[in-house]
Amino acid sequence: MSHDSIESRSSLAERIYCAAVVASALALVLTTGCSTKNYVRSQTGPLIQQSNDLDAKTAQDHRAITDTDQRAQAGIANAQSAASTADQHAQAAGQSADAANQSAQEAVNRVDSLTGVIANLDNYKELSNASVTFGFDKSKLTPDDKAQLDAIATSLSTARGYILAVTGGTDSVGDAQYNYQLSNRRADAVVNYLQAKYNIPPHKFYLIGIGKDNPVADNTSREGRAQNRRVEIKLMSNMTQQSATQGTPSGQN
C-alpha cells in the first residue's frame with residue numbers, strides 16, 4: 001500500500017470523526033434547548049394561570065364593589081328624599097300651627113280699656129282674680145305663675161257668660177313704647193297658656209297692655225318694681241245671663 005493511500009484513509013477517518021463530534025454536539029444542543037423550553041413552560045405555566053385567576057378575581061371584586069356602591073348611592077338618595085319629605089311635612093305642620101296661633105291671636109279682643117268696649121260692663125261681676133309677676137324684661141311664665149292660672153281656670157266650668165280681663169304691666173324702667181310692647185307680650189303669654197291648656201275660646205279674652213301706666217306699687221323700690229312687672233287676670237261673669245240661667249225652669253233651655 002502506498003503512502004498516499006494511508007494518508008487518504010487517515011484524512012477520511014478524521015473527517016468522519018469530526019462529523020460525528022459535530023453531530024453529537026448538535027444533538028446535545030437540541031436536546032438541551034428542548035429541555036430548557038420544557039422546564040420554562042413547566043415553571044411559568046402555573047404563574048400564568050395564577051395571574052389569569054387573579055385578574056378574574058379582581059374583575060369580579062370590582063363588579064361587586066361597583067354594585068355595592070350603586071346600591072349604597074341609591075339608599076342614600078332614598079334616605080335623603082325621605083328626610084326631605086319629612087322636613088317638608090314638618091315645615092308645613094309648623095306653618096299650620098303658626099297660622100292657627102295667628103288666627104287665635106287675631107280673634108282675641110285687644111282693647112285700651114274694658115269701659116266702652118263692653119257696653120253693659122256694670123252687669124259683670126268679678127268671680128275671681130289672679131296676678132302673676134315676671135322677671136326684669138321677661139315675658140315667660142314660671143311654674144308658680146302657671147299654678148295660679150290653673151287655680152283661676154278651675155272656676156270656668158261653672159261660670160256662665162264670662163270674660164277674662166287680662167291686663168299686662170311693667171315697671172317704670174325703660175322707654176314707654178317698649179314697655180307697652182313688653183306688657184302686651186306678658187299678657188299674650190297668659191292667654192296662650194290658658195288657651196292651649198283649657199281650650200278657652202279667643203273671644204273670651206280682653207287684653208290690655210298698659211306698660212308702666214297705673215302702677216300698683218312704688219317704682220322707687222326694688223320690691224315695688226317687681227310687683228309692677230305683672231299680669232292681672234280677672235274672671236268676670238255677666239250677672240244678667242246668670243240670673244236668666246238660674247231663673248229658667250227645670251227641663252227648659
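## Close-ups of a predicted model

**View 1. Arg 229, tucked away in a loop.** At 13% relative accessibility, under the 20% cut-off, Arg 229 counts as buried. Keep in mind that this is a predicted model. Arg 229 sits in the loop that links α4 and β5. Who does it touch, once neighbours within four places in sequence are left aside? One group of contacts is Val 132, Thr 133, Phe 134, Gly 135 and Phe 136. Another is Gly 169, Thr 170 and Asp 171, and Arg 186 is on the list too.

**View 2. The largest nonpolar core.** This core has 25 residues. Which of them touch the most other members? They are Leu 164, Val 166, Val 190, Leu 194, Phe 205 and Ile 233. Several elements chip in with at least two residues each: the strands β2 (124-133), β3 (162-168), β4 (205-209) and β5 (230-238), plus the helices α2 (143-153) and α3 (176-198). The largest share comes from α3, which gives six residues. As a bit of background, nonpolar side chains in soluble globular proteins tend to be buried together.

**View 3. Val 166 and its company.** Zoom in on Val 166, one of the core residues that touch the most other members. Leaving out residues up to four places away in sequence, Val 166 touches Ala 187, Val 190 and Val 191. Its contacts also include the run Phe 205, Tyr 206, Leu 207 and Ile 208, and then Val 231, Glu 232 and Ile 233. Apart from the largest core lies another one, made of nine residues, including Val 111, Ile 163, Ile 210 and Met 236.

**View 4. Where α2 meets α3.** Two packed helices are described by the angle between their axes and the distance between the axes. Here the axes of α2 and α3 come within 11 Å and cross at roughly 55 degrees. An angle from 35 up to 65 degrees falls in the oblique class, so α2 and α3 are oblique to each other. Their crossing is right-handed. On the α2 side, the residues to look for are Lys 146, Leu 149, Asp 150 and Ala 153. They meet Val 190, Tyr 193, Leu 194, Lys 197 and Tyr 198 of α3.

**View 5. Gln 177 and Gly 211, apart in sequence.** Gln 177 belongs to helix α3. Is Gln 177 buried, exposed or partly exposed? Its relative accessibility is 47%, so Gln 177 counts as partly exposed. Along the sequence, Gln 177 and Gly 211 are 34 residues apart, while in space their C-alpha atoms are 7.8 Å apart.

**View 6. Two asparagines with positive phi.** Most residues other than glycine have a negative phi. Asn 199, in the loop between α3 and β4, has a positive phi near 55 degrees. With 66% relative accessibility, Asn 199 counts as exposed. Asn 214 is in the loop between β4 and α4, and its phi is positive as well, about 50 degrees. Asn 214 is exposed, with a relative accessible area of 57%.

**View 7. How confident is the prediction?** The protein chain averages a pLDDT of 75, and 57% of the residues score at least 70. Among the elements, helix α4 (residues 222-228) has the highest mean pLDDT, 96, and helix α5 (residues 239-247) the lowest, 59. Over residues 96-104 the pLDDT is below 50, and this stretch has three contacts beyond near neighbours in sequence. Residues 248-253 also stay under 50, with one contact beyond four places in sequence.

How values were computed:
Residues numbered from 1 in each chain as written. Predicted model: local features only at pLDDT ≥ 70, side-chain atom pairs only at ≥ 80, totals over all residues. Heavy atoms only, no water. Core = buried A, V, L, I, M, F, W, Y, C linked by side-chain atoms within 4.5 Å. Buried < 20%, exposed > 50% of the residue type's maximum accessible area, 1.4 Å probe, protein only. Helix = DSSP H or I, 4+ residues; strand = E, 2+ residues; numbered from the N terminus. Contact = heavy atoms within 4.5 Å. pLDDT = per-residue confidence, 0-100. Axes fitted to C-alpha atoms, helices over the stretch in contact; angles between N-to-C directions. Parallel < 35°, antiparallel > 145°, perpendicular 65-115°, else oblique. Left-handed = near helix turned anticlockwise from the far one by under 90°.
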